[in-house]
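This briefing is meant for a reader meeting the structure for the first time. It begins with the surroundings of one residue and then moves through the chain as a whole, a sheet, a helix pair and some backbone features.

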Amino acid sequence: MQTISKDVARRTVLAAQGFADPRPRGAVTRRHLQRALSRTKLLQLDSVNVAVRAHYMPLFSRLGPYPGELVDTAAWSPTARQPRMLVEYWAHEASLIPVEDWSLLRWRMREHGGGWRKRSRELLEQHPELINDVLNAVKELGPIGAGRLERELGGGERQGRGPWWNRTDTKRVCELLFAMGELTTGTRRGFERLYDLPERVLPAEVLAHEPEDAEAVRGLVERSAEALGVGTEADLRDYYRLSPEQSKQAVAELVDDGVLEPVAGRGWRQTAYRHAEARTPRAITGRALLSPFDPLIWERARTERLFGFRYRIEIYVPEAQRQYGYYVFPFLLDGELVARVDLKADRAAGVLRVPGAFLEPGRDAGRVGPELAASLREMAAWLGLDDVVAGERGDLVRPLQAALAAG
């Protein structure tokens, strides 16, 4: 078994994730979007909008400034000339995935999206009539949000039918039907999900395709390996949140087929698996700010193993106990995570605020500061903000302020 160094593993992973690809020189098009998605395989969705919605940022990190309508059209507002590329489902977490990958998750739909939906399944068993009511209403009125659906179904009048009929339960049933594949997202209004029937959203050939469970899981693990380049079985499993049993069988089969090659990562406790087509460039250059939900770093133990960078999201940590800040973006520079910044888009004031900026140990502030300032200016302009304002927290704030002042 070949042994690879941490540096080789890191460059392999960065290339697989698209950070070795050149940025578009001109206007970013649907073709560029497709190339980036061929690397990441999916985009995680999240409701936090302190700086930018989670699903927009990984593309900016890889492509640079691009029109957000590219994603909106691909996911929620397709046209005859630009058909739907992406659909929502539970993949890593709530995610946008390629339309053709929806079939690979049919087994999860049969499991109602996972065991954590026990309370929703109990609601289904106790009040099956609600399921039919919701499906019929969506068929007639969709795409439709849960709030309007509750009003259309006449929640107040039906209160006497049982304690289950209230808006919370309506939303829960909609989410359960979404997890079962009986509903999907037709479009979004703001960030509100508007439910619709899959047959009005997805191509007939996608709906007709039902691979065997083992085949589907193997396809997901292969996609994980393509997206990661090299990773342990646990890394491959995490990308689509598979069970150990599913993942281990798929990995063994992919090794037998020559798709995955076992390797020993120097300093790694577990065997790693490199995709047969993974490439390892001699160097990774360039810079990128990374969302907390970027697939390069969303598995925190892997991030620490590859980059020596301990990262935790502190949204749910009381403010006084936060080490770095509420919504912190790691900063990638020439293949290394060299700093982190707490960011907030102050849209009322038209500025990108940086309450805190922190240098990683052993890094050169004189080099990192100007590179970070340039990335922040680029991000601010992309978000339609006029300026970047650095706050007071962190050992990188003064160099960053100087770099921003220098223009």
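Two residues are in contact when heavy atoms of theirs lie within 4.5 Å. In this predicted model, tryptophan 268 touches Ala9, Gly231, Thr232, Arg305 and Leu306, leaving aside residues up to four places away in sequence. The points below start from that residue and then turn to other parts of the chain.

**Tryptophan 268**
- Tryptophan 268 sits in the loop that runs between strand 8 (260-265) and strand 9 (271-275).
- Because buried means under 20% relative accessible area, tryptophan 268, with a relative accessible area of 11%, counts as buried.
- Leucine 306, one of the residues that tryptophan 268 touches, is 38 residues apart from it along the chain, and the C-alpha atoms of the two are separated by 9.4 Å.

**The chain as a whole**
- The chain is made up of 16 helices and 14 strands, together with the segments that join them.
- Its radius of gyration is 23 Å, close to the 22 Å that the globule rule gives for 407 residues, so the chain is as compact as a globular protein of that length.
- Taken along the principal axes, the C-alpha atoms fill a box of roughly 70 × 55 × 45 Å.
- Of the 407 residues of the chain, 57% count as buried.
- Among contacts in the chain with a separation of 6 or more, 65% are accounted for by residues 24 or more positions apart.

**An open sheet of 5 strands**
- The strands of this open sheet follow the order 10-11-12-13-14, and their pairing is mixed.
- Strand 10 (287-289) and strand 14 (387-393) are the edge strands, each of which pairs on one side only.
- From one strand to the next, the twist of the sheet averages 30°.
- Within the sheet, strand 12 (residues 336-346) pairs with strand 13 (residues 351-359) in the antiparallel sense over 7 bridges, and arginine 353 in strand 13 is the bridge partner of lysine 344.
- Helix 16 (residues 397-406) packs on the sheet and touches strand 13 and strand 14, while its direction makes about 155° with that of strand 14.

**Helix 1 and helix 11**
- Helix 1 (residues 6-16) packs against helix 11 (residues 213-228) at an angle of about 110°, and their axes are 6 Å apart.
- Because angles of 65 to 115 degrees count as roughly perpendicular, helix 1 is described as roughly perpendicular to helix 11.
- Helix 1 makes this contact through Thr12, Val13 and Ala16, and helix 11 makes it through Glu226, Ala227 and Leu228.
- Sorted by class, the contact of helix 1 with helix 11 has 4 nonpolar, 1 polar and 1 charged residues.

**Backbone features in loops**
- Glycine 142 and proline 143 are joined by a cis peptide bond, with omega about 0°, and proline 143 lies in the loop between helix 7 (128-141) and helix 8 (146-152).
- Lysine 41, which is found in the loop between helix 2 (30-40) and strand 2 (43-44), has a positive phi of about 75° although it is not a glycine, and with a relative accessible area of 13% lysine 41 is buried.
- Arginine 241, placed in the loop between helix 12 (233-239) and helix 13 (244-256), is another residue other than glycine with a positive phi, here near 55°, and arginine 241 is partly exposed, with a relative accessible area of 36%.

Key
Residues numbered from 1 in each chain as written. Predicted model: local features only at pLDDT ≥ 70, side-chain atom pairs only at ≥ 80, totals over all residues. Heavy atoms only, no water. Helix = DSSP H or I, 4+ residues; strand = E, 2+ residues; numbered from the N terminus. Buried < 20%, exposed > 50% of the residue type's maximum accessible area, 1.4 Å probe, protein only. Pairing = 2+ DSSP bridges. Axes fitted to C-alpha atoms, helices over the stretch in contact; angles between N-to-C directions. Parallel < 35°, antiparallel > 145°, perpendicular 65-115°, else oblique. Nonpolar A, V, L, I, M, F, W, Y, C, P; charged D, E, K, R; others polar. Rg over C-alpha atoms; globule rule 2.2 N^0.38 Å.
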